[in-house]
Each structure stands twice: as C-alpha cells, then as structure tokens.
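Reader: Please give me a close look at the salt bridges and what surrounds them. Start at the surface and work inward.

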Amino acid sequence: MINRSNYSDYFMLYADGELDALQMQIVEAFVAENNDLSAEFDLYLETKITPDEHISMPDKSMLLKPEIWDTENLTEEQSALLSFADSEGSKPHTTNLNIEAEWSLLQKTLLPAEVVAMPHKEKLYRKESQRKPIFILYAKRIAVAAAFLLAGMFLVEKMTTNETISTPESIASVTETPEKPKETPVTTNVPATNTNADKDPEITPVNNVPGKTVPVLAQNTATDHQQKPAELSTGTTNAGKKTEYQDNIVNPDHNDAITNVASMRQSNESVIQVKNQAPTQNILQLKTNAVDTKEIELKVNPANTYTANVVTEVKDEAAVAEDEAEYIYIVGSKVKKQKFRGIARTINRGIDKIVNPTKRQANVNE
Amino acid sequence: MTANEYNICVKEYADNVYRFIYKNMRHVEDAEDVVQTAFQKMWVNKDEVEFEKAKSYLFTIAYRQMIDNLRKIKRIHHKEEMPEMILGSTQQSNPFLKKALNEALNTLTDTQRHLVMLKDYEGYSYAEIADIMELSESQVKVYLHRARAILRNYLVSKENVV
C-alpha cells in the first residue's frame, strides 16, 4: 500500500504506465490527500518522453520484396506501370506498389540493344531503273552508225565494181594479169579435130537479142597441138557498158569427153565457166551474178569453127540504179530498204517504250 | 518510292528486319530468305509503298512470311526444341541477368515473344504492332503486359533472384 515512505516508487511506476487502472486511482487519491507531494508527482510525469510523429525512415520501401504478379489478372496499377515501361503512358502514382522497385525490375525485362548484321545484304541493293536505257541509247546509236557504215560500204563497193567493168584501165588490168590465182586461164580438152588451125576461128553471135544481146569478139589463136589462148571479149551494151574478158582454151589430142568447170573472176560477181559436154562440141559459158547477168556460150564445132552466144540481161542504167536504190546490203544479204525501214521503225518503237514509258503513256492519253 | 529510297531502306532496315526474323526463327538461311522476300515484294510494289512507311511495310511482310514459314516448320518438326540462346552479343553487362532473361524469353509463347521484340528492339507503338501482327490495339496491350509480367515474375522468382 502506498504511504509517505514509499510513494516515490509508485509515482515512477505511474509515470511509466506500469500500474493498472485501480493502482493508478489509489496513487491519484494519495496525491489528493497529500497536497505537499503533488508538485513532486507532476515532476515525475514530465519526465515521460512522447514520440515524434513526423519522423519516418526514408526509402524504407526499398526494403520491401517484390511479389509475384497474377499475369492473368493484372491490377490497374500494374497495367499502368507496364504501359509506362512500354513508353505508352505516364508514370503512375500509387501507394500500393513500390514504384521504384517495380520500375527498376521492369527495366530489366526490356531486351537490350543487339546488333545483328544481315549476311549478303548487298544482294538486296537495286540499281536505278532510269539508268538502264543509257546502254540502250548507246546501242541505238551504234546500230544506226553501223547501218550507215554498211550502206556506205555498199555504195563504195558498188561504185568500185562499176568502174572496174567500164574503164579501159580495169580491162587492161584483167587482161594483163592472167597469171593471178583468181584469174587463172581456163584450160579444157578440145578434140584434135581442129584442121583449120591456121585460120582464125569465126565466132558469130547465135542469139542476138535486140537491145539486150551484145556482140562478142573472140579470137582463138590455137593451132594443132599447140596451146595458145583464145581470146573472148564482149562488146559494149546498149547502155554503154563495155566488158571484156579473156580466156585461154587449149585443144588436147584426145577425144574424151571431159567436163571441166573453172572460174575466172573478173569481179566478185563474174564467173566464166567452160564446159566440154561432148568431144565435138565445147561450150564456154560466162556467167555473172552482177546486176547485169550475162551468159556467153562458146561452141567449138567439129569443123573447128567457134560460135559464141552471149546473152546479157543488162538493164537500163537508170533502171538498175532505181532497183539498187530499193535495196540495201547488210552483212552480205540483200534486204529491201522498205523492209529495213519497217524493222528499224519497230526497233525504235520498242526502244522508246523502254526508254520513256511515261512519254509513251502521255502520247497514248493524248 | 524511288530506287534510291529503296536502297536507303536496305541500308537502314535490313539488319533490323533480319534481327527480328532471325531471333524468332533462329535459322540463318531461313531468316535471310524471309528478309529477301520482304525486300523483293517491296521492290515490286515500290510505286505503292511510301518511303516513310517502308519500315513498317517491311516488318509486316517479313512477319507474315515468317509466320507462314514457322507453321510449315512446326508441321514438320513438332515441338522441336531450339536450344540456341535468343539473346546474342548484347550490351547487357550482367551475364546472369542475360542468361535469366534469355530463359524467361523461352517461356513466352511465339506471339508474346514477337510482341516483346517489336516493342523493345524496334520501339513500335501498340498501334504499329497491331498493324504488323494483325491484332487489335487492345489485344497488343493486354498480350504485351502479360508477357512483360511473365518476364518480371521469372526474374523475381526465388530461383532467379536478381
């Protein structure tokens, strides 16, 4: 029981809150009966320290451990934080989540940057489609240039051929160089029935077409058992052309029928053919594939008389020129100019279609 | 789109598309074929494709092509395990975290992994991903959140404390 000798112990227990309610009432009643001790009782009560409510531990949320989320039922706060991690929303303000810890955790789920180079990437690059026609343009120019060049070559060649046939100088060159391989004299076996060897053979035109046939002068200086050349020449045509050929014919002793075909090129197109079809008849043919086709037949009769048949299809010079104007020679082939123009036009259209499709479309629209 | 712009796309996006496809298919030649096909289609349709939308177009074409290829592969090789790590030489300095994240990615479904890659690698928005993967925007959001939460849970699980 509390009295004036032990009241200090009870006062301290009261201040520490160690007394129950009945004991506290007994202490309070004792202080009321002894007013001289009330001041001392108040001093004990003032020694009691009360906690400061405003003081809290900073970042104590960092001490919290993350919980496993229910992925099938995410809360709004969790979804908001995930959206923020996906850069699709603002940072949520919530007290139920440890934002900083969760944010730090979600940052770790983001896939880190990684460089992966695609192999053979250079295969994917493409060139500008507009650059392709440049080659085509060049090809077009080259094709045109080649066509002009071929045409020019043809004309020069044609002119040269005409000059070779018509000029006396060219004739002389032909007759003066019979030993050339291309101008090798044709030799054939002629039966030894030429009893009139001392005579100059008569060569008369058999088929003399008016206006087309050219008289032929041929000389055979061969005698029996002698090998002398027989000269064959064609005269002037009605177009004023003059062509002269020379051939050497040798009469052998035997009578065997021998067919000997040889050629002597007067020009690129002229061919002289000599045929001995029978012992009694020799036919010398001169054929030319030039513009004016000629055929000469030289017949040697048993009586040792020579006849020459010359057929010419020499056209009028103007007509020939006109015909030639309609053709063009490409790589040795004779092509009609009109056909060539049609081909060139088709090629041009194709190139234009590739080079400038928009322009073509615009033309079509117009 | 001009040829020059197309070539810029090759230079800028080919690696990105290839990375996305390769990470999902995990096969070099197949990924290369898919990317080449995507660029080929873009070249064929270059007049209709705007340069500004070329990247999205490429990813869309490549993604669809990849899905087709994956379906074919799955028909042939059922449940074939792909032991190869998804994450290659990354800038992740923590090798343990990289390993854990790689394992976490393997727990995702194909669609979830595609979503995460398109978001994290390419930074596409929900709307753009929805266009590429032919999903609604809300589906993308829900699926992606779920995928991210799975990755998160994997990392915080007691076996993978980071």
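**From the surface to the salt bridges**

Author: A:Met1 counts as exposed, because its relative accessibility is 74% and the cut-off is over 50%. This is a predicted model. A:Met1 sits in the segment before helix 1 (7–15) of chain A. On the surface, A:Met1 joins A:Leu22 and A:Ile26 in a nonpolar patch. Together the three have about 340 Å² of accessible area.

A word of caution on chain A. Its mean pLDDT is 64, and 46% of its residues reach 70 or more. Over residues 165–294 of chain A, pLDDT stays under 50. The model has 285 contacts beyond four places in sequence for that stretch. Where pLDDT is low, predicted coordinates should not be read in detail.

Now chain B, starting with helix 2. Helix 2 covers residues 28–44 of chain B and holds B:Trp43. The 17 residues of helix 2 should span 24 Å at 1.5 Å a residue, and the end C-alpha atoms are 24 Å apart, so the two values agree. Several of the helix 2 residues are buried, including B:Ala31, B:Val34, B:Val35, B:Ala38, B:Phe39 and B:Met42. One of the buried residues is a glutamate, B:Glu32.

B:Trp43 is buried too, because its relative accessibility is 15% and the cut-off is under 20%. What does B:Trp43 touch, not counting residues up to four places away in sequence? The contacts are A:Arg126 and A:Lys127 from chain A, and B:Ala3 and B:Tyr6 from chain B. B:Thr2 is 41 residues from B:Trp43 along the chain, yet their C-alpha atoms are separated by 9.3 Å.

Next, the salt bridges. There are 13 over all chains of the structure. Three pairs in chain B deserve a look.

Take B:Lys55 and B:Glu122. They form a salt bridge, with the closest N and O atoms 3.4 Å apart. The pair links distant parts of the chain, 67 residues apart. B:Lys55 is in helix 3 (residues 54–76) of chain B. B:Glu122 is in the loop between helix 5 (110–120) and helix 6 (126–133) of chain B. Are these partners buried or exposed? Both B:Lys55 and B:Glu122 are buried.

B:Lys99 and B:Glu103 make a local pair. Their closest N and O atoms are 2.6 Å apart, in a salt bridge. Both lie in helix 4 (residues 95–106) of chain B, and because they are 4 residues apart, about one helical turn separates them. B:Lys99 counts as partly exposed, at 46% relative accessibility. B:Glu103 is partly exposed as well, with a relative accessible area of 26%.

The last pair is B:Arg148 and B:Asp120. Their side chains meet in a salt bridge of 2.9 Å, N to O. B:Arg148 lies in helix 7 (residues 137–156) of chain B and B:Asp120 in helix 5, so the pair ties together parts that are 28 residues apart in sequence. B:Arg148 has 0% relative accessibility and so counts as buried. B:Asp120, at 18%, also counts as buried. A third residue, A:Asp86, comes in from chain A: salt bridges that share partners join A:Asp86, B:Asp120 and B:Arg148 into one network.

Methods: Residues are numbered from 1 along each chain as its sequence is written. Chains are lettered from A and ligands numbered from 1 in the order in which they are written. This is a predicted model: local features need pLDDT of at least 70, side-chain atom pairs count only at pLDDT 80 or more; totals for chains, interfaces and linings use all residues. Side-chain values use heavy atoms; hydrogens and water are left out. pLDDT is the predictor's confidence in each residue, from 0 to 100. Contact means heavy atoms within 4.5 Å. Buried means under 20% relative accessible area, exposed over 50%, partly exposed in between (1.4 Å probe, protein chains only). The expected span of a helix is 1.5 Å times one less than its number of residues. Patches are made of residues with over 30% relative accessible area and no salt bridge: like charges are joined within 9 Å, nonpolar side chains (Val, Leu, Ile, Met, Phe, Trp, Tyr) within 5 Å. Accessible areas come from the Shrake-Rupley method with a 1.4 Å probe; for residues, only the protein chains shown count as cover. A salt bridge is a side-chain nitrogen of Lys or Arg within 4 Å of a carboxyl oxygen of Asp or Glu.
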